[in-house]
Amino acid sequence: RKKVAMSRSVRKQKAAPVVEENVEDEERVEEEATYDEVEKLETVGITAVDIAKLKGAGIFTIAGIKMQTKKDLSLIKGFSEAKVDKIVDAALKIDSTSFITATEAREQRKKVIRLNTGSEQLNALLGGGIETMAITEVFGEFRTGKTQLCHTLCVTSQLPLDVGGGNGKVAFIDTEGTFRPERIVPVAERFGVDPSDTLDNIIVARAYTHEHQLNLIMEVAAKMAEDQFR
């Protein structure tokens, strides 16, 4: 992915040792945020054909298999009850995670990144910003800033970790036709990043029905398994 370049004025404020340390932190977070892709099933006896069928159904990771019921998996064309059992067992061989200690849960929580909302007051109310690895619902009356917050997060999600960013890409599923790329430009300029690179790191799709939205979510799941989205 394209890196979002900080402006010269921002770069001058950072000492070289600090930048090097932050780069290492970003690489560590990227490494920890990876998932087991369904292709790993081949190592435990699942055929490439069946893996392709899983991906065709929108399942691209081992965790994605564990999130499905056997009944749902059996709805995939060509999947018998016996084959579903075999695939589920194979997934558990790769990732057999069950109960963990609270200490381990605490360590996992350290992977959560809090994204800058663009408002210091809102960041404070949220304990630092919008959490990654979670679903956040934003609601409010007309013209209260919901869309602007989403446009702002499209930029801050790409910023380096040390300035409240997520060092990742953005997928924007637009259900109301309110995404405006021209609104990204001033936000990017506000945070001292290149608007063109910022726009290149955002993928956008317009959803017209709830079924279309579900299909888009399944489609973007493949991209999330291949690249780092926030």
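The questions and answers below go through the secondary structure, salt bridges, helix H6 and cores of a predicted model.

Residues are numbered from 1 along each chain as its sequence is written. Because the model is predicted, local features need pLDDT of at least 70 and side-chain atom pairs count only at pLDDT 80 or more, while totals for chains, interfaces and linings use all residues; side-chain values use heavy atoms, with hydrogens and water left out.

Reader: How many helices and strands does the protein have?
Author: Helices (H or I, at least four residues) and strands (E, at least two) are DSSP runs, numbered from the N terminus. By that rule the protein has twelve helices and four strands.

Reader: What percentage of the 230 residues is buried?
Author: Buried means under 20% relative accessible area, exposed over 50%, and partly exposed in between (1.4 Å probe, protein chains only). Of the 230 residues, the buried share is 32%.

Reader: What share of the exposed area do carbon and sulfur atoms supply?
Author: Accessible areas come from the Shrake-Rupley method with a 1.4 Å probe; for residues, only the protein chains shown count as cover. The protein exposes about 14700 Å². Carbon and sulfur atoms supply 53%.

Reader: Which part of the contacts with a separation of 6 or more comes from residues 24 or more positions apart?
Author: Contact means heavy atoms within 4.5 Å. Among contacts with a separation of 6 or more, residues 24 or more positions apart account for 62%.

Reader: How many salt bridges are there?
Author: A salt bridge is a side-chain nitrogen of Lys or Arg within 4 Å of a carboxyl oxygen of Asp or Glu. Arg-109, Arg-114 and Glu-131 are linked in a network of them. The count comes to eight.

Reader: Which residue meets Lys-55 in a salt bridge?
Author: The N to O distance of the pair is 2.6 Å. Lys-55 lies in helix H3 (residues 48-56) and its partner in the loop between helix H2 (16-32) and H3, so the pair ties together parts that are 16 residues apart in sequence. Lys-55 is partly exposed at 32%, and the partner is partly exposed at 30%. That partner is Glu-39.

Reader: Is Asp-50, the partner of Lys-83, buried or exposed?
Author: The closest N and O atoms of Lys-83 and Asp-50 are 3.3 Å apart. The pair links distant parts of the chain, with Lys-83 in helix H6 (residues 81-94) and Asp-50 in helix H3, 33 residues apart. Lys-83 is partly exposed at 26%. Asp-50, at 8% relative accessibility, is buried.

Reader: Which residue forms a salt bridge with Asp-95?
Author: The closest N and O atoms are 3.5 Å apart. Asp-95 sits in the loop between H6 and helix H7 (102-109), and its partner, 29 residues away, in helix H4 (residues 62-66). The partner counts as partly exposed at 33%. It is Lys-66.

Reader: How far does H6 reach from its first C-alpha to its last?
Author: H6 has 14 residues. The expected span of a helix is 1.5 Å times one less than its number of residues. For H6 that gives 20 Å, and the reach is close to it, at 20 Å.

Reader: Why do the buried residues of H6 line one face of the helix?
Author: The buried residues are Val-84, Ile-87, Val-88, Ala-90 and Ala-91. On the other side, Glu-81, Ala-82 and Lys-93 are exposed. What covers the buried residues includes H3, H4 and H5. The arc is that of the directions from the helix axis to the C-beta atoms, and the buried residues line one face because they fall within an arc of 160 degrees.

Reader: Which helix supplies the largest share of the largest nonpolar core?
Author: A nonpolar core is a set of buried Ala, Val, Leu, Ile, Met, Phe, Trp, Tyr and Cys residues joined through side-chain atoms within 4.5 Å. This one has 16 residues, and Leu-41, Leu-54, Ile-59, Ile-65, Leu-73 and Ile-87 touch the most other members. H3, H4 and H6 each supply at least two residues. The largest share, five residues, comes from H6.

Reader: How many residues are in the other core?
Author: This core lies apart from the largest one. Among its members are Val-155, Phe-172, Phe-179 and Val-193. Its residues number twelve.
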